[in-house]
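Please open the model in your viewer and keep the sequence panel beside it, since this tour moves between the two. We begin at one site and then step back to the chain that surrounds it.

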Amino acid sequence: WTEGDHRVQRTGALPDIGRAPVDSVSPCRYHRGRQFGCDPWTDTDLQEYIDSGGNMELDGRVALVTGASRGIGRGIALHMADAGADVLVNYLENKKGAEQTVADIRAKGGTAILHQADVRYRESVQVMVDAAVGAFGKVDILVNNAGTYASRSFMAADAAETFQDIVGTHIFGSFNCAQAVLPSMREQSRG
């Protein structure tokens with residue numbers, strides 16, 4: 001394998017760990033399963049990524065994480081703050097968990113605010129995004145993590161309402177959040 005002009009060419013030898021084989025010539029480069037260099041205008045620079053140990057620096061960025069009061073959402077919010085992002089911690093019902101997430105971020109020197117919003121409803125989401133923009137001036141990163149699960153029977157009397165809640169949170173919630181942050185991200189030409 002040789003590299004030149006941001007192209008990987010096959011010379012017969014197997015690549016180093018992390019390189020994916022290509023059929024002849026590919027403009028892409030690979031590291032830890034991630035693909036780089038296919039589009040030089042939008043891809044993260046491979047060398048910067050490798051030099052950082054695979055970690056991204058988020059200083060000056062603002063992240064809005066839905067469902068950040070526990071589990072994966074909490075972990076994402078903490079990691080984003082550790083990487084330097086200011087974080088809006090969203091929750092629906094678990095205020096105590098969300099407050100703990102904010103407290104843990106602040107205890108490590110990070111900046112975070114708390115906001116209760118039901119992502120199923122566009123108006124609620126817009127108020128949340130406005131709070132992020134009001135506090136931090138922008139939104140750079142959206143993590144659509146909010147989710148719900150019901151272990152009830154499909155034949156239960158309230159199965160239709162339960163299904164509506166699940167679809168509302170997972171599908172419309174993601175749509176509502178993406179649509180609400182899009183104007184801010186378009187204005188800054190990234191996000």
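Select α2 (71–82), β7 (86–91) and α5 (159–187), each of which supplies at least two residues of the lining of the largest pocket. Please keep in mind, while looking at these elements, that this is a predicted model. Now leave α5 highlighted on its own, for α5 gives the most to this lining, with four residues.

Which residues lie nearest the centre of the largest pocket? Select Arg70, Leu92, Ala146, Gly147 and Thr148, which hold that place among the 26 residues that line the pocket. The space that lies in the largest pocket comes to about 680 Å³. If you colour the lining by residue class, you should find nine nonpolar, eleven polar and six charged residues.

Next, clear the selection and show the whole chain as a cartoon, where five helices and nine strands can be traced. Following the chain along the sequence, you meet the pattern β-β-β-β-β-α-β-α-β-α-β-α-β-α, so written that the opening run of β entries gives way to α and β entries in turn.

Finally, switch on the surface, of which the chain exposes about 11800 Å², with carbon and sulfur atoms supplying 52% of that area. Beneath this view, 33% of the 191 residues of the chain count as buried. If you display contacts as well, consider those in the chain with a separation of 6 or more, for residues 24 or more positions apart account for 52% of them.

How values were computed
Residues numbered from 1 in each chain as written. Predicted model: local features only at pLDDT ≥ 70, side-chain atom pairs only at ≥ 80, totals over all residues. Heavy atoms only, no water. 1 Å grid on protein atoms, 1.4 Å probe; cavity = no way out; pocket = protein on both sides within 12 Å on 5 of 7 lines; lining within 4 Å. Points joined across faces, edges and corners; volume = space filled by probe spheres on them. Nonpolar A, V, L, I, M, F, W, Y, C, P; charged D, E, K, R; others polar. Buried < 20%, exposed > 50% of the residue type's maximum accessible area, 1.4 Å probe, protein only. Contact = heavy atoms within 4.5 Å. Areas by Shrake-Rupley, 256 points an atom, 1.4 Å probe, with all protein chains shown as cover.
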